[in-house]
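Trainee: I have a new model open and would like to talk it through with you. Could we take it one piece at a time?

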Amino acid sequence: MLKKGDQFPEFSLENQNGERITNETIKGQVTILYFYPRDNTPTCTTEACDFRDNIEMFNDLNVNIYGVSGDSKKKHQNFIEKHKLNFDLLVDQDYQLSNEVGVYQLKKSFGKESMGIVRTTFVIDEQGIVKDVIEKVKVKTQIEELKNILE
């Protein structure tokens, strides 16, 4: 798992519109990359809507937000449209970045084990260094936690 103080690995992922988002795109601005399991599931929807509803605070702090999951561009487009999301979602269908940062792990759900994204949020500074990591995110308190990290 990527830790506080680590250099965020190089990446190049498409957003919901097929535009490439890379390390170069986020350089020079504090960025939140939050990894989540799947579009349109109850907890993931709550998390995305919390970011949407607090976008002004993040904008005021000059912070970019990107959600990352293994869903397709089409699924991301539907999710954004359905919930009027005001930030980009990135496609990591082969879980390459998720794997590299250590959030693609064996998970247990309803007694079944399978590989998937463990809900994790990275705060990356202007130089691409991990400023903070929220592991095993608690969606209800995440925005408040991020506010404390950023201020």
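Mentor: Happily! Bear in mind that this is a predicted model. A good place to begin is cysteine 44, which lies in helix α2, spanning residues 42–53.

Trainee: Which residue does the UniProt annotation "active site" cover?

Mentor: The annotation comes from an unreviewed UniProt entry. The residue that this record labels "active site" is Cys44.

Trainee: Is cysteine 44 buried or exposed?

Mentor: Buried means under 20% relative accessible area. Cysteine 44 has a relative accessibility of 1%, so it counts as buried.

Trainee: Which residues does cysteine 44 touch, leaving out those up to four places away in sequence?

Mentor: Set those sequence neighbours aside, and the contacts of cysteine 44 are Tyr36, Pro37, Arg38, Phe79 and Arg119.  The helix around it has further buried residues, including Thr45 and Phe51. As a group, the buried residues of α2 pack against several elements, among them β3, α4 and β8.

Trainee: How far apart are the end C-alpha atoms of α2?

Mentor: With 12 residues at 1.5 Å a residue, α2 should span 16 Å. The model agrees with this, because the end C-alpha atoms of α2 are apart by 16 Å.

Trainee: In β9, which residue is the bridge partner of valine 123?

Mentor: Strands β8 and β9 pair in the antiparallel sense over 4 bridges. Strand β9 is largely enclosed by the rest of the structure, because 4 of its 5 residues are buried. In β9, valine 123 has as its bridge partner aspartate 132.

Trainee: Which residue takes a positive phi in the hairpin of β8 and β9?

Mentor: This hairpin has 5 residues between the strands. The residue with a positive phi, near 85°, is glycine 128.

Note on methods: Residues are numbered from 1 along each chain as its sequence is written. This is a predicted model: local features need pLDDT of at least 70, side-chain atom pairs count only at pLDDT 80 or more; totals for chains, interfaces and linings use all residues. Side-chain values use heavy atoms; hydrogens and water are left out. UniProt positions are given in the numbering used here, feature names are shortened, and annotations may be inferred rather than shown by experiment. Helices (H or I, at least four residues) and strands (E, at least two) are DSSP runs, numbered from the N terminus. Buried means under 20% relative accessible area, exposed over 50%, partly exposed in between (1.4 Å probe, protein chains only). Contact means heavy atoms within 4.5 Å. Two strands pair if DSSP finds at least two bridges between them. The expected span of a helix is 1.5 Å times one less than its number of residues.
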